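User: Hi! Could you walk me through the structure below, one question at a time?

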Protein chains: 2
Amino acid sequence: MRGLMQDGSLDIGVLLRRADLGFRHKRVVTATASGEVISTWGEVMDRARRLSAVLDVLEVPRSARVATFGWNSQRHVELYLGVPSAGRILHTINHRLFTRDVAHIMSDAADDVVFVDRSLLGTVWDVVRSTATVRWIVVMDDGGEEEIPADPRVVDYEALLARCPEPAPAVRVDENDAASLCYTSGTTGRPRGVLYSHRSIVLHALLLLGADSFAISERDVVMPVVPMFHVNAWGLPYAAMLAGADLVLPGPAMAPENLIRQLSRHRVTFSAGVPAIWRALEPLLGTADLSSLRMVVSGGSALPDALSEAWARATGVPITSSWGMTETSPLVACGRVSSAHDALPADDRRRLRGQPGPTVPLVDVRIVDADGRPVERDGVSSGELQVAGPTIAARYFGADPGTSSFTDDGWLRTGDVATLDAFGYLRIVDRTKDMIKSGGEWISSVTVENELMAHPAVREAAVVGVTDDRWGERPWAYVVLAAGEEIDETGLRRHLRERVASWWVPDRFLIIDEIPRTATGKFSKVALRDLAESTAASQPL
Amino acid sequence: MRGLMQDGSLDIGVLLRRADLGFRHKRVVTATASGEVISTWGEVMDRARRLSAVLDVLEVPRSARVATFGWNSQRHVELYLGVPSAGRILHTINHRLFTRDVAHIMSDAADDVVFVDRSLLGTVWDVVRSTATVRWIVVMDDGGEEEIPADPRVVDYEALLARCPEPAPAVRVDENDAASLCYTSGTTGRPRGVLYSHRSIVLHALLLLGADSFAISERDVVMPVVPMFHVNAWGLPYAAMLAGADLVLPGPAMAPENLIRQLSRHRVTFSAGVPAIWRALEPLLGTADLSSLRMVVSGGSALPDALSEAWARATGVPITSSWGMTETSPLVACGRVSSAHDALPADDRRRLRGQPGPTVPLVDVRIVDADGRPVERDGVSSGELQVAGPTIAARYFGADPGTSSFTDDGWLRTGDVATLDAFGYLRIVDRTKDMIKSGGEWISSVTVENELMAHPAVREAAVVGVTDDRWGERPWAYVVLAAGEEIDETGLRRHLRERVASWWVPDRFLIIDEIPRTATGKFSKVALRDLAESTAASQPL
């Protein structure tokens, strides 16, 4: 028997109607190269509804992909709202990807229209221009100095809005309709598209309001440093709108000094980004008043304890870890310490905070062994992390459905190796592909990296497996020293011997200036492995 | 185009799986007549799954109604979980209703099985026994001394559980399936059934975790004083489970001294109930350590400012108002003060806190005039409050669909008169039926009552409209004095003259010992109007 409750579609209209009711006066601030633009949610929504009318003028078909290359800006938020609520699909693209990946993504998505910040024209024009399906290229003038190409498809964002003074007529969308599309970063292969539904976006926004996740409230000032082309900026623009929070967007002004200035100037209470951002800001923490901060979230790659502690010392707010993937909307877990762990020594609690931690509601997780059987939830037994739920992808969009990424019973195989304890506390041990198999036993490269980075002389460390005749694989460490610090291999070796099993200590320690990164800022283990293998080949031990 | 996200059904299994993952160790405490029973969510869930097997043993058909007459207890929570997750419908019944209403409700619902606390057998046995559809009567022995009737349909809860040592096989439910049924209190007519879906229950539980609603967290100790037969105890057992909070249930020990003792003994952080409960507890606030409290919620009828302030003085925690109905799951609004109101004087902020306040996400509200047109959202223009969304009823269950309670476009007509301001702040002016029409203008009985109750000599006040030859209707006030206080009609009249329009001052003030209440503890305006009309007839002014 069906319940007799209203259908109450979980679509992006929920956010718009709610903000209309109570939050039209709340602020949306965008930093620009030369200053900032201060607007309100009311103005943003009005412009978003006119943007929907622009899509009609451009004759963008229902469900067509509307691509964006943009910084975190008010216009990008207008696209976040105006595209899906008009029944089209927002397709955010990372302009930092290699051109061949962007070309693949645009071709796979068959983008119909492209919106691009003027300051990014130099980076993406060639690939945009040569994508066959693109009918219109809408330039958003962010004060960049790139020349506007003389191409008949090029139109100006504000000129189009000016042609549409009235909002588009409301379009009926179903909660299961596609709302947005984001491609994975492709660290493990070609980028693959994740097609979010309206329902998954609204549920995910609700999750971010939860007291034990990000607790986003009407009183918050939210600044997403995570780019808006990364998994809907981790859902933060939508959550901020649902909660009625102010939103501060760093725009193209992503230099550490600019970010610190925004955090301080707008009394930001909540921010989120990748560890590399928080590391870059750390030397500047003493230079600004950050007393408004209540929560700083890190995600996208492992959070070194030492970094979180440095923030705690400087601001009183440790960095909170989180865990998720493009396929998971992304939030799966958020490193709060549960009451069950209150009795632990402070150091253990600190280390827990650096782990993904308790999962959010609605998301199911399990850890399975190589045969797909669940392992003990004892905090020790590890296996592949698999996830399921209404905010998790069921398959990929486009030519490659990526079937092998999903189990027969429909769960997403994350490719991460993890443990769960009896309190539901999730710890990531390693990426499956980043585990090092030495003498038939597994070595966790992440653990060794974390212990290395805990040494005050080490700024960053990456550990990779190198082919070894005797053991199959052996770990090598690449280390970037902190400014003005010195330590040699003997010192690093001694440091690690006290902290990990002796056979986990890398065979070699190589001091380098910078660790190669992927386009999304993660350590490029692929590049390091190539480097190590060629070094090993030329300099046998 | 459909999004490619997993279906992730929003059914009660979401709560069970989540608690299994992380919260099996958290506590569920039930006070009994003689002490208390301390259990865990793990034990509660295991027993709930065996209870599902009991339903199979009793051959309860899919979608059949399983009625309960029970206090707030662990076994009642087991029914909350075990009945809907097994595809049957939990039907909680208020044992304080008049027998004819209970008989109507049970007949309308066609209950198949009844679960009843032993201590309530004396109250409900006759009506349960004579309901034709009831095949089994399961007695839950709560230490009550009522005799167990010698009826072949009577079975013992624990004996049945003992017969089912294994959990029932999982039943597949759809999120739109019916999960539970609750009848309105029938203040405006015969009780009518609201049939909640799994989806509405899960979404409502998520809403209670929101930072700006109840912010229920893993660290909370939640004590629902609101009975479990009132709108799923306002969703609190489900929300506590989803958050992983401890749950403290007062059982039959509802005397104020017992409630205060439970709040203190278990370091309760969050509690919710009707104003009458908080008023009854107020004189005892100095007798116990209530320093653990972070939020006390009032709902079900208007919260007098003076009561909230008395709590704030004694505990540091003002009472937070909330607004909802059986038809709305129930939470629609929660009286937090928004940042927009921070600049108001303290007294104005205090008064705001006594109003329903900002709405929760997912729920749409509008205020319409007599012609169904939206009124200005200026905080002054009033009209009928109408609500819509996935946690709102679409129609009623049973013989009477109550079509007139819904608009043509499917919104619920609440029957309350309200205003909205530009910040989405909801204020209830009055029940439509409690407005007094005097000389063609409306008088708000709630406003006059609140101003009367703000006088220190007044414990409670109810204002009703009495037929008047000249004005149509005129207000009369019924007043209960605070212990040891005295005030006469002249004093009350003078007090009101400074606070409301002169023509709002009641024609008569009658001091009585107690205000008659409905079975759900609300002022019975019907009884008072009858009383006033007969007084007017016998003692013309």
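**Helices, sheet and overall build**

User: Which strands does helix α3 of chain B lie across, and what angle does the helix make with β4(B)?
Analyst: Happy to help, and please keep in mind that this is a predicted model. Helix α3, residues 74–82 of chain B, lies across β3 (65–69), β4 (89–92), β5 (113–117) and β6 of that chain. Its direction relative to β4(B) comes to about 140 degrees.

User: What does helix α7 of chain B touch, and what angle does its direction make with that of β9(B)?
Analyst: Helix α7 covers residues 198–208 of chain B and packs on the sheet. The strands touched by helix α7 are β8 (178–183) and β9 of chain B. With the direction of β9(B), the helix makes an angle of about 75 degrees.

User: In what order do the seven strands of the open sheet in chain B run?
Analyst: The sheet is open and its pairing is mixed. Reading across chain B, the order is β7-β6-β5-β3-β4-β8-β9.

User: Why is one side of β7 and of β9 in chain B left without a neighbour in the sheet?
Analyst: Strands β7 (154–156) and β9 (193–197) of chain B stand at the edges. One side of each is left without a neighbour in the sheet because each has a single partner strand.

User: In which sense do β6 and β7 of chain B pair, and which residue stands opposite Ile137(B)?
Analyst: Strand β6 of chain B, residues 136–140, pairs with β7(B) over three bridges, in the parallel sense. Opposite Ile137(B), in β7(B), stands Val154(B).

User: Turning to chain A, what radius of gyration does it have, and what would a compact globule have?
Analyst: For 541 residues, a compact globule would be expected near 24 Å. The value for chain A agrees with that, so the chain fits the globule rule at 23 Å.

User: How much of chain A is buried, with a cut-off of under 20% relative accessible area?
Analyst: Chain A has 16 helices and 25 strands, and its C-alpha trace spans about 70 × 60 × 50 Å along the principal axes. Its accessible surface is about 20200 Å², with 50% belonging to carbon and sulfur atoms. Of the 541 residues, the buried share is 61%.

User: Is Thr123(A) buried, exposed or partly exposed?
Analyst: Thr123(A) lies in helix α5 of chain A, residues 121–129. Its C-alpha atom is separated by 7.1 Å from that of His95(A), 28 residues apart along the chain. Because its relative accessibility is 47%, Thr123(A) counts as partly exposed.

Terms used. Residues numbered from 1 in each chain as written. Chains lettered and ligands numbered in written order. Predicted model: local features only at pLDDT ≥ 70, side-chain atom pairs only at ≥ 80, totals over all residues. Heavy atoms only, no water. Pairing = 2+ DSSP bridges. Helix = DSSP H or I, 4+ residues; strand = E, 2+ residues; numbered from the N terminus. Contact = heavy atoms within 4.5 Å. Axes fitted to C-alpha atoms, helices over the stretch in contact; angles between N-to-C directions. Rg over C-alpha atoms; globule rule 2.2 N^0.38 Å. Buried < 20%, exposed > 50% of the residue type's maximum accessible area, 1.4 Å probe, protein only. Areas by Shrake-Rupley, 256 points an atom, 1.4 Å probe, with all protein chains shown as cover.
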